Amino acid sequence: MKVLGIESSCDECSAAIVADGRILSHIIASQIPLHAKYGGVVPELASRAHIVDIVEVLRGAFREAGVDPSEIDGVAVTQGPGLIGSLLVGLEAAKAFAYARNIPLVGVHHTEGHLLAPLLDTAQGMDKPDFPFMGLVVSGGHTNLIAVRGVGQYEMIGQTLDDAAGESLDKVGKMLGLPYPGGVQIDRLSTGGDRDKYHFPRALPQHDNFDFSFSGLKTSVATQLRKLGAMPEGQALADLCASALEAVVDSLARKTIRAARKIGAKTVVVAGGVSANRRLRERLSEDCAKAGLRLSIPPMKLCTDNAAMIAGLGQYRLRPLIEAGKGFEAFELQPRPGWSLV
Ligand code: KG4
Ligand code: ZN
């Protein structure tokens, strides 16, 4: 069964072909340079770039897989959440393709895609997580702790009440005059920094609270910057970055381990762009080891926004439609606008 996946929810235009859990091709056109000078993703520019990129990205996916479009059995596309103008480009491309080939199409949830990405076969031969596992999805748009008891069986254990983890780092980066995305720069600059130099607040520390709040971080950093008087450089900048990052990582790690214990999970899965962060990886591997938990972080290309995870998730919903010989009439979107994962 060959599934074409398409993802265009934010600033990555991506297409992938997955056959029975194996990735045959995976193309991602990133728009980071386009948005860098604005310090964040500009939705209007993102949709226009998707319009330009989508056909070439699709062609690339077929070329890399050595697969002819006539061999595709079904299509999965990110339906949301995301920027509506960006989503529409991928969705319409997916509809056009599925209609032309008369094959089934399913719209899937972006966050669910992130969560199940470790179930794909990877070249690294990573061990797949057993159910139930605790999923931590951390990116510029989401910070969710989700108990995954099986494909389609989710329970939201906690989420951010304001900024997402990546968003808070990006905002701190902006205040420090760093290039976009700030999270990446803070990771780089915090090397050699003293993470205990400044104590930035950890919100909602109560043991039974699994929600996050990161909006206080930028206020605390702003206060610290005023105290310093001048924009920090060198070691002072490294210390500030390391301390700010530690506040985010500390909250994420503590709550993730507690949440995993609460649901009796044996594995913690981390997904989303912030999972690239070296300190988060280090801290989670230490804490998971201490707690007797296995840590599963997919390869980087499957952590950030990508179409392979969309195709991978789509397989589960497409299989019965394909086996029943359905065509485009089996077009299946999620029912409600603004729907949530759980
Ligand atoms: O998943 P992603 O590519 O896009 C979405 O937001 O959906 O995640 C991007 C986010 C940005 O906030 C970026 O600053 C953050 O992930 N990020 C990092 C690192 N790499 C990406 N944050 C900290 N350390 C990193 N190495
Ligand atoms: Zn994402």
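This report describes two helix pairs, the surroundings of ligand 1 and some backbone features of a predicted model.

Residues are numbered from 1 along each chain as its sequence is written, chains are lettered from A and ligands numbered from 1 in the order in which they are written. In this predicted model, local features need pLDDT of at least 70, side-chain atom pairs count only at pLDDT 80 or more, and totals for chains, interfaces and linings use all residues, while side-chain values use heavy atoms, with hydrogens and water left out.

**Helix packing**

Helices (H or I, at least four residues) and strands (E, at least two) are DSSP runs, numbered from the N terminus. Helix α7 (residues 215-228) packs on helix α8 (residues 234-263) at an angle of about 160 degrees, and their axes are 11 Å apart. Axes are lines fitted to C-alpha atoms, for helices over the stretch in contact, and angles run from 0 to 180 degrees between N-to-C directions. The two helices are therefore roughly antiparallel to each other (angles over 145 degrees). On the α7 side the contact (heavy atoms within 4.5 Å) is made by Leu217, Val221, Gln224 and Leu225, and on the α8 side by Leu240, Ala244, Ala247 and Val248. By class, this contact has seven nonpolar, one polar and no charged residues. Ala, Val, Leu, Ile, Met, Phe, Trp, Tyr, Cys and Pro count as nonpolar, Asp, Glu, Lys and Arg as charged, and the others, Gly among them, as polar.

Helix α2 (residues 43-65) and helix α3 (residues 84-101) pack at about 35 degrees, with axes 9 Å apart. Residues in their contact include His50, Ile54 and Phe62 of α2 and Val89, Ala93 and Phe97 of α3. The contact of α2 with α3 has eight nonpolar, five polar and no charged residues.

**Ligand 1**

Of the 17 residues around ligand 1 (a heavy atom within 4 Å), Gly140, Asp170, Asp187, Gly273 and Asn277 come nearest. The table gives distances from an oxygen atom of ligand 1.

| Residue | Partner atom | Distance |
|---|---|---|
| Gly166 | polar backbone atom | 3.3 Å |
| Asp170 | side-chain N or O atom | 2.6 Å |
| Asp305 | side-chain N or O atom | 3.1 Å |

**Backbone features**

Most residues other than glycine have a negative phi, and most peptide bonds are trans. A cis peptide bond joins Gly80 and Pro81, with omega about -5 degrees; Pro81 lies in the loop between β4 (74-80) and α3. The bond from Tyr180 to Pro181 is also cis, with omega near -5 degrees, and Pro181 is placed in the loop between α5 (165-175) and α6 (182-189). Asp20, which is not a glycine, has a positive phi of about 45 degrees. Asp20 is in the loop between β2 (12-19) and β3 (22-30).

Note on methods
Parallel < 35°, antiparallel > 145°, perpendicular 65-115°, else oblique. Polar contact = N/O pair within 3.5 Å; in protein donor to acceptor, adjacent residues only side chain to side chain.
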